[in-house]
Amino acid sequence: MNAVDNKSRREFIKKMTAASLSAAATTIPTANFLSSCSRTEALASKADTVILLWMAGGMAHTETFDPKAYVPYEKGVESKRVLSTFPKSPTIVDGLHFSEGLEGIGSVMDKGAIIRSYKSADLGHILHTRHQYHWHTCYEPPQSVQAPHIGAWIAKELGPLNDVIPPFIAMGQRFTVGEAEELKAFHSAGFLGTEFGPFLIPDPSTGLDSVRPPKGMTMKRFEARYKLYKELANNSRVLENGSDYQRESLMRSMEQSYRLLNSPEAKVFDLSEESKETYDTYNTGRFGLGCLLAKRLAMNGGRFISVSTEYEPFLGWDTHENGHLRAAKMKELIDRPIAQLIKDLAESGHLDHTLIILASEFSRDAIMEGRPGLKVKDQVNQPDVIEDEKFYGMHRHFTDGSSVLMWGGGIKKGLVYGKTADERPCSSIENPVVIDQIHQSVYHALGIDSQTNYTIEGRPFYTTPDGHGKPILDLFT
Amino acid sequence: MEEGQWILQLLGRLHPMVVHFPIGLLVVALFFESLTIGGKRNSLREGIKWMLYAGVVFAILSVIFGWFLKTQDDYSGLLVQNHQNFGIATAVISIFSLFLLERSIKGKLKDFLLYRISLAITVLLLIIAGHLGSSLTHGEDFLTSVFLNEESDYDNEKTALLLSRFKDVDSLSIVQQDELNLGVRAIFAHNCYQCHSENKRKGELTLDNKEGVYAGGESGVVIVEGKPDKSELFRRISLSPNDDEVMPKKGKVLKPDEIALVKLWIKNGAHWSDQALKVFPEADLALTKPELPKNTPEKHPVDQLIDVYFKKNEISWPDTVDDHAFVRRVYLDVVGLLPNPDEVSEFVGNRNPNKRDELINQLLNDSTNYTQHWLTFWNDLLRNDYSGPGFITGGRKQITNWLYESLEQNKPYDQMVKELINPSVESEGFIKGIQWRGVVNASQRTEMQAAQNIGQSLLGVNVKCASCHNSFVSNLTLDQSYGFAAIFADSVLELNRCDKPIGKMAKVSFLYPELGDVDAATVMERLALLSEVIVKPENGRMYRTLVNRIWQKFMGRGIVEPVDEMDNQPWDANVLDWLASDFIASGYNLKHLMRQILTSKTYQLSTVKYSNQVEIKSDYVFQGPIVRRLSAEQFSDAVSQTIAPMYPTVEYDPLGNIMKDKRFWHREVKFDRTVLPEPGIRYFRQQIRIPQNTIKKAQVLISVDHAYTLFINGNEVAKGANWREVDKIEVSKYLFPGNNTIAIIGHNEGTIANPAGILFGMRLYLENGKEIDIDSDKNWKSTDVLPDTEWVQINFDDSDWKETQNYGSANWGKLVEFSFDDGEQQIARASLVKQHPFMKALGRPSRENVTTTRDEQATLLQALELTNGEYFNTVLNEGATQWLNTIGNKSEEIAETLYLKLLGRKPTPKEMKIIIDAFGSTADKETVQDLFWSVLILPEFQFIY
């Protein structure tokens, strides 16, 4: 189907049993009817697994990875003076400072790179999920066809690395919160077909449940049930009717699911296999446990794994008030598990083939809404003079500069790429980066051709709009 | 160039000539060698040997020269790489062949076999290398382009014809001039637009419009009227194919006829016709209104037409399906439900020869079930849904009520279309589109969405491509799309090409201006005009589009495919156009159209086998219906009908019962924000006042996500742990006049914060005939701290408890059973249910975009949902309990009932044995549940045969 040839692909094919290969040959997944572009050359790749650490809700760069002048809280401080509400703290990389509370992540920056000049799209009146849709699909909604999530593209192009681990796993986000419909809209394989859609694990501590037989069913009963179905299916009288490929594709998908649910490798999803010490190190909450599960998946053949701090309107990083206090709490949530994840993968050698990205849909600021020069509706009320600590923090949405962190998978170590202004507006002023470049950099690391596209409704649909995006080659060794 | 380099370059350029020597020599060597097989013609051996020697030398030379060519002339790419590899391999293997030959001759090898194999391989490699080489020089499609390719054949024929007609005419008439110009523009379209169109103005030259052609490009004017020799355009297209300046591009030049035609056109003054160029095939707007064939034995009009089609394609009529298969198929197709076993056996036993027609009529007349089935089709087509992006900020509107009523009344289709386009408040959602908050891409503004969706859904034409730039796949232009969109705009639209304004204003017009003018001062007037114009019978395209969709639903494949591209060739134009004409003649009656198809023998044929999906997509010949998969809705409804209600709630209640379906729970707060409740136990209290009148009856309805214990005045009244069920409890004995206390312990299960809510209602029936309803969601207080045991009593002081939070019904929907009337158990038809993860897994689309064909492919995620999905297993579990209560625990009886209900037949003795062997003769809850699962997953159940 495509000419992408890399190590993992070959390994995957080796792992597939002869049976599943011959079965695969008789079927044609729907998306194959989408005519793919012809690839001109095989690409070399460094990474075969991606972990996306998603800072949902808009993480202020000035409060985290790109600190500016610290202005401590005191009653009567002017809002316009507040650039950062935390002091700076050194990292392991000379001259690189993070905001206080991120010392763990700071200690692993010798293993990765930071982009300090990411510019979010300008989508006008802010709706978080619209920007998140744009970040994850590279297309601004709405679109006249459903755009696939980056994880779905990767699942489609590379397939599973371990055939009992779904190639696109999304952890941490529930769909019972506000803006749920908008969240669902991009947690989707779009026109690529549900086959490549996300395997959702809202609560990583119960991840095992999603790959085990139904609750209350013993393995013995589970096996007996499948055996009964198989025998009945093989003796069904409609065998002579209709097309075999339809019947076979149905039965094969059931077999795959049975194999997955019956597989010893499903233990990968079992966090109780970790030592108490490891578990406790990671366990800062659901996000931390998500990092722990992501580590296990990355070590065992996960393909694309996202771990979200979870978007829930006005919660998480979406600080509309009490910004300082809440940013401190969010840092506690992410710092230890992320640092440990990088360390664990580095020590076990898995970091070399695992690309880890930390990003958010946009940044925040105390004053600026949107980007400089724009008039945006419905800004958070922020008094000129802060008389209540509730107003101390970054409460408005800022799209003109934010930080993206990357580790592993061929990313340079200790690199600082781009920068933002030290005075308000803290916009990207050097090497500005847009989402197309981030996506293409991920595809580059994985060896997915930048011109990958499918024809849908008569026109080519590329991984990045019109196939124009270019990877940031400076990020790679 | 460095000294001496030119020699290398010269040698390199000799490569294309030198390569022909080894080709000739080695091929002939192999040919002569084949003549010697069997020990014959040994005299050839010496000659073969010398040919091989010469061949090897030239093969090596070719490789060396090829290397020079590559390095000196900067060739690169995969094709070059492959050509090189095969060339080198040819040379190497040819040397090896020679070596083997020498050894064979000297007797060191026992025969010539190895050498012959080696020589054959050499020639094989040579052919591949040669082919790759020719692909390099002549283009990759050099070989394949001679294969059937209607478009280019058509063009060339047309070009040749025009040329022969006009080349000796001294002065062309204006009609001829127009023809000539369109012929030339077709050449431009196929060969030049790729780089020289408004979409991509290479060298500043555009050839797809009059202004561009006459204005020329960077290097000035390209056409001098009357003087081909002075025209840059003619000079460039007539250069040698190897010239760097040749157009369209090196290696791919115009055919001689084409060049001659362009020359003729310029010579004749390069006239420009005002007619639009149609590069792509386009279906006629009007219907052909075919006559029904006379000399056929068939009675039904569809069968008469198909009879002619079958004869033409040398197909004899296949068998029709038996009654069992027919009854299941037609139930699922018309009302989306399974026939119950009684209906099946009654139908099969019925000896009336018209019974099939009668059943079809009966089902079409079952308006409620017909509507609740077809709602799904129309929701997909008109992208109408109960939830989805856009609703949150008021950027989207449902048309459910209008749609439901239209289907229930079988509203004429032209009327439906009129009401969609020139809408009332109820039906305006379709053209309003989806507006997300913030700024959007120009090609996605709501006016453009209206044009795109009307185009796709109603007319089978792709406006999406042309809303960004002139289409590459149809004749539609950016101007036309914006003209169409402008109908819906209340201000003048500026054209945007690829999201950049181009300073041109849209001129209001419909895609098919021949149907009538739609320009007027206001949007409302324009919509009124469009709605009248679009439904005209002359717009055969619109009716053809719908007929094709209905055919596709019933037969599994459209007469035209894809169903949204109605300019594609139908496999039989007569069937399509006759049905469309008949549909118009019936007064745009949808049920009439369906009846025409369903009552035909054609619909009732056995399903056709295909070895793979490709056969259905291309080069398709109709031989009968195709097996289809149950839709997510059909699957769900079948489970609800037979096992247990799949969904307890609906989003749209056709009866219009408005329930104050509000769930309340303890208000949970984080950073001043109300958030999803954490798991755990919460306590709720309410005081109600009961009047002095005597209570005859008092009924409580309660449903709690996840579990509850209910107390009235200190007495424990009931417990429950299933939010999908409604407990209905008679409580009059616990109540007395004056103050009463209702207390509930609620339990939110789970490991993380998740929706929780109590739904509570109480109705008092008084002696005097009056009824009093106690509000379900007001006046409750709650706490998350374990209170004194006294808390369920009236006297308890709850002043420090907080008011509860109303969590609405968004996470649950409207419970169909939440009603004080004790009716039969109702089924929530899946079409009325909000998008659900189970249905999503089974292929129900999220309706942000028009969906006209669903993905029927089985996928792993879907299989996982069926195998360990908690939701599905819960339903099966509930069903098992019910079955054991109603049918008893005899495995045989359960299996027989299940097969009859789900598959419309009894299990065979063999199947029965398999089941009894697995479960024994007495069933329990687990075995019943597992049997349900096994049969529901069977292909026989999941497909419509």
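Guide: Two strands are said to pair if DSSP finds at least two bridges between them, and that rule is applied here to a predicted model.

Visitor: What makes strand 1 and strand 8 of chain A a pair, and in which sense do they run, parallel or antiparallel?

Guide: Strand 1 (residues 49-55) and strand 8 (residues 304-308) of chain A are joined over 5 bridges, and the rule asks for at least two, so the two strands count as paired, in the parallel sense. One of these contacts can be named, since Phe304(A) in strand 8 of chain A is the bridge partner of Val50(A).

Visitor: What is the strand order of the open sheet in chain A, and why are certain strands called its edge strands?

Guide: The open sheet has 8 strands in the order 7-6-8-1-9-13-5-14, with mixed pairing. Strand 7 (199-201) and strand 14 (415-417) of chain A each pair on one side only, and they are the edge strands. From one strand to the next the twist averages 15°.

Visitor: Which helices lie on these strands?

Guide: Helix 10 (residues 286-299) of chain A lies across strand 1, strand 6 (168-171), strand 8 and strand 9 (354-360), and runs at about 170° to strand 8 of chain A. Helix 12 (residues 435-446) of chain A packs on the sheet as well, touching strand 1, strand 9 and strand 13 (402-407), with a direction that makes about 170° with that of strand 9 of chain A.

Visitor: How do you know that Ile357(A) belongs to a nonpolar core, and which residues does Ile357(A) contact?

Guide: Ile357(A) is listed among the residues with the most contacts inside the largest nonpolar core, which has 292 residues. Leaving aside neighbours within four places in sequence, Ile357(A) is in contact with Leu52(A), Leu53(A), Val404(A), Met406(A) and Val442(A), and Met406(A) is likewise on the list of residues with the most contacts in that core.

Visitor: Why is Lys202(B) called partly exposed?

Guide: Lys202(B) has 13 C-beta neighbours inside 10 Å; a residue is exposed at 12 or fewer and buried at 20 or more, so Lys202(B) falls in between and counts as partly exposed. Lys202(B) lies in the loop between strand 2 (200-201) and helix 8 (210-215) of chain B, and touches Cys195(B) and His196(B), not counting residues up to four places away in sequence.

Visitor: Which helix gives the most to the side of chain A that touches chain B?

Guide: Across the two chains, 73 residues of chain A are in contact with 75 residues of chain B, and helix 8 of chain A gives the most to that side of chain A, with 12 residues. The residues on that side divide into 28 nonpolar, 25 polar and 20 charged.

Key. Residues numbered from 1 in each chain as written. Chains lettered and ligands numbered in written order. Predicted model: local features only at pLDDT ≥ 70, side-chain atom pairs only at ≥ 80, totals over all residues. Contact = placed C-beta atoms within 7 Å. Helix = DSSP H or I, 4+ residues; strand = E, 2+ residues; numbered from the N terminus. Nonpolar A, V, L, I, M, F, W, Y, C, P; charged D, E, K, R; others polar. Core = buried A, V, L, I, M, F, W, Y, C linked by C-beta atoms within 7 Å. Axes fitted to C-alpha atoms, helices over the stretch in contact; angles between N-to-C directions.
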